[in-house]
Amino acid sequence: MTNTIKHLGTVESIEGSHVQVRIVQTSACSSCTAKAYCRSSESKEKLIDIYDANASVFKVGEEVMIYGTTSMGMRAVVLAFGVPFLILIIALFIVYSYTGGNEILSGIIALASIIPYYILLYFFKDKLKKNFSFTLKPINK
């Protein structure tokens with residue numbers, strides 16, 4: 001298994017060192033020959049923000065390849081889902097034991113306990129952008 005994630009994309013806009021690239025994210029079965037008869041295949045377009053010092057070498061409409069690492073993807077999953085899940089479960093058990101078994105109150109407080117975490121992520125989004133950066137390379141035709 002490779003350690004690199006890559007997507008084919010099209011440059012949408014360039015502003016200084018900021019390049020916005022449109023990619024088509026497809027499900028695994030979207031390339032199947034029977035997809036016309038199956039309703040489970042899907043694809044959607046996404047805009048990816050990439051900060052590259054060499055952004056001036058790209059042109060709007062140019063096809064490019066976006067590269068990232070699988071470890072970067074795993075860190076994103078842990079930050080977005082793993083840590084909040086742990087906070088939720090720990091808060092649920094602590095509050096449940098202190099409320100004498102009140103499930104509704106415990107559930108509400110446990111759900112509310114992840115709000116500060118997501119607010120913290122929001123305030124550190126600029127720092128996180130630097131840690132979760134993609135590289136951009138032109139496609140040589």
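**Exercise 1. Describe the surroundings of S106, beginning with the polar contact of its side chain with T99.**

Solution.
Step 1. The side chain of S106 forms a polar contact of 3.2 Å with the side chain of T99. This value comes from a predicted model, as do the others in these exercises.
Step 2. A polar atom of the S106 side chain also lies 2.6 Å from the backbone oxygen of N102.
Step 3. To place the residue, consult the secondary structure: S106 belongs to helix α2, which covers residues 103-113.
Step 4. Leaving aside residues up to four places away in sequence, S106 touches L92, V95, Y96 and T99. T99 therefore appears both in this list of touched residues and as the partner in the side-chain polar contact, where a polar contact requires N or O atoms within 3.5 Å.
Step 5. The relative accessibility of S106 is 1%. Because buried means under 20%, S106 is classed as buried.

**Exercise 2. Determine whether H18 is buried or exposed, and identify the partner of its side chain.**

Solution.
Step 1. H18 is located in strand β2.
Step 2. Its relative accessibility is 17%, so H18 counts as buried; the limit for this class is under 20%.
Step 3. The side chain of H18 is joined to the side chain of D49 by a polar contact of 3.0 Å.
Step 4. When residues up to four places away in sequence are not counted, the residues touched by H18 are S13, D49, I50 and Y51.

**Exercise 3. Classify G61, G16 and V24 by accessibility, and give for each a residue with its separation in sequence and in space.**

Solution.
Step 1. Begin with G61, which sits in the loop between β3 and β4 (63-69). Its relative accessible area is 48%, so G61 is partly exposed, since exposed requires over 50%.
Step 2. The C-alpha atoms of G61 and T10 are 5.7 Å apart, although 51 residues separate the two in sequence. Not counting residues up to four places away in sequence, G61 touches T10 and V11.
Step 3. Continue with G16, in the loop between β1 and β2. With a relative accessible area of 64%, G16 is exposed.
Step 4. G16 and A55 are 39 residues apart in sequence, and their C-alpha atoms are 6.9 Å apart.
Step 5. Finish with V24, a residue of strand β2. At 43% relative accessibility, V24 is partly exposed.
Step 6. For V24 and H7, the separation is 17 residues in sequence and 8.2 Å from C-alpha to C-alpha.

**Exercise 4. Summarise the chain as a whole: which elements does it contain, and in what pattern?**

Solution.
Step 1. The chain has 4 helices and 5 strands.
Step 2. Along the sequence, these elements follow the pattern β-β-β-β-α-α-α-α-β.
Step 3. The chain has 141 residues, of which 18% are buried. S106 and H18, treated above, both fall in the buried class.
Step 4. Among contacts with a separation of 6 or more, 67% link residues 24 or more positions apart.
Step 5. The exposed area of the chain is about 10,300 Å², and 63% of it is supplied by carbon and sulfur atoms.

**Exercise 5. Characterise the largest pocket: how much space lies in it, and which residues and elements line it?**

Solution.
Step 1. The largest pocket holds about 830 Å³ of space.
Step 2. Its lining consists of 24 residues, and those closest to the centre are I48, A76, F132, S133 and F134.
Step 3. Two or more lining residues come from each of β1 (4-15), β2 (18-26), β3 (43-51), α1 (70-98) and α4 (125-131).
Step 4. By residue class, the lining of the largest pocket comprises 14 nonpolar, 4 polar and 6 charged residues.
Step 5. As general background, rolling a probe the size of a water molecule over the atoms shows where empty space remains.

Methods
Residues numbered from 1 in each chain as written. Predicted model: local features only at pLDDT ≥ 70, side-chain atom pairs only at ≥ 80, totals over all residues. Heavy atoms only, no water. Buried < 20%, exposed > 50% of the residue type's maximum accessible area, 1.4 Å probe, protein only. Polar contact = N/O pair within 3.5 Å; in protein donor to acceptor, adjacent residues only side chain to side chain. Contact = heavy atoms within 4.5 Å. Areas by Shrake-Rupley, 256 points an atom, 1.4 Å probe, with all protein chains shown as cover. 1 Å grid on protein atoms, 1.4 Å probe; cavity = no way out; pocket = protein on both sides within 12 Å on 5 of 7 lines; lining within 4 Å. Points joined across faces, edges and corners; volume = space filled by probe spheres on them. Nonpolar A, V, L, I, M, F, W, Y, C, P; charged D, E, K, R; others polar.
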